[in-house]
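Please follow the explanation below with the model open beside it, moving from the overall form to the sheets and then to the buried interior.

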Amino acid sequence: MTPVTLAVELPADRHEDRAWFPVCDPAALVPGRGVAALLPDGGQVALFVDRTGRPYAIGNRDPFTGAYVLSRGLTGSADGRPFVASPLLKQRFDLETGACLDDPAVSVPVYRVREVGGRR
């Protein structure tokens with residue numbers, strides 16, 4: 001049996017065509033904690049999983065500081081929406097849309113996530 005891996009969809013504007021890029025074993029994700037992964041273009045993605053096992057992937061770069069730290073942020077929910085709060089200035093980013101909950105003019109990229117391999 002092929003091992004299961006989480007993959008993120010790379011956007012067409014950053015790559016020749018959309019492609020799924022394997023990033024980590026789902027077992028590496030623990031609810032409430034993030035994991036950072038390096039993308040082929042040198043960018044970074046922050047991966048999270050909620051208590052039901054649903055994975056999320058957003059850009060790891062905090063747009064307020066420029067630091068690649070969102071994977072180290074604290075997770076929570078506001079009005080039923082999952083978010084991660086930057087560990088630096090504490091702005092909250094919606095894990096589904098990438099929108100900043102504290103400044104609607106700011107957002108981070110969101111990546112689709114799926115499992116590849118295995119029998120799932």
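Of the 120 residues of the protein, 38% count as buried, where buried means under 20% relative accessible area, exposed over 50% and partly exposed in between, with a 1.4 Å probe and protein chains only. This is a predicted model, in which local features need pLDDT of at least 70 and side-chain atom pairs count only at pLDDT 80 or more, while totals for chains, interfaces and linings use all residues. Residues are numbered from 1 along each chain as its sequence is written, and side-chain values use heavy atoms, with hydrogens and water left out.

The protein holds zero helices and 10 strands, both being DSSP runs numbered from the N terminus, with at least four residues of H or I for a helix and at least two of E for a strand. The radius of gyration is 14 Å, close to the 14 Å from the globule rule for 120 residues, so the protein is as compact as a globular protein of that length; the radius is taken over C-alpha atoms, and the rule is 2.2 Å times the number of residues to the power 0.38. Along the principal axes, the C-alpha atoms fill a box of roughly 45 × 35 × 20 Å. Among contacts with a separation of 6 or more, 38% are between residues 24 or more positions apart, contact meaning heavy atoms within 4.5 Å.

An open sheet of four strands has the order E3-E4-E5-E9, with antiparallel pairing; two strands pair if DSSP finds at least two bridges between them. Strand E3 (35-38) and strand E9 (110-111) stand at the edges with a single partner strand each, so one side of each is left without a neighbour in the sheet. The partner of E9 is E5 (residues 55-59), joined to E9 over two bridges in the antiparallel sense, and Ala57 stands opposite Tyr111 of E9.

Further along the sequence, E6 and E7 run antiparallel and are joined by five bridges, with Gly76 opposite Phe83 in E7. Their hairpin has two residues between the strands, and Asp79 takes a positive phi near 55° there. E7 also pairs with strand E8 (residues 92-94), in the antiparallel sense over three bridges, and Ala85 has Arg92 as its bridge partner in E8. In this second hairpin, with six residues between the strands, Lys90 takes a positive phi near 75°. Four of the five residues of E7 (residues 81-85) are buried, so this strand is largely enclosed by the rest of the structure.

How, then, is the interior arranged? In the largest nonpolar core, which has 14 residues, Val8, Val23, Leu39, Val45, Leu47 and Ala57 touch the most other members; such a core is a set of buried Ala, Val, Leu, Ile, Met, Phe, Trp, Tyr and Cys residues joined through side-chain atoms within 4.5 Å. Strand E1 (5-10), strand E2 (19-24) and strand E4 (44-49) are the elements that give two or more residues to this core. A second, separate core of 11 residues includes Ala46, Phe93, Leu95 and Val106.

Not counting residues up to four places away in sequence, Leu47 touches residues including Val8, Val23, Tyr56 and Ala57. Asn60, placed in the loop between E5 and strand E6 (74-78), is buried with a relative accessible area of 1%. Leaving aside neighbours within four places in sequence, the contacts of Asn60 include Ala36, Gln44, Val45, Tyr68 and Leu70.
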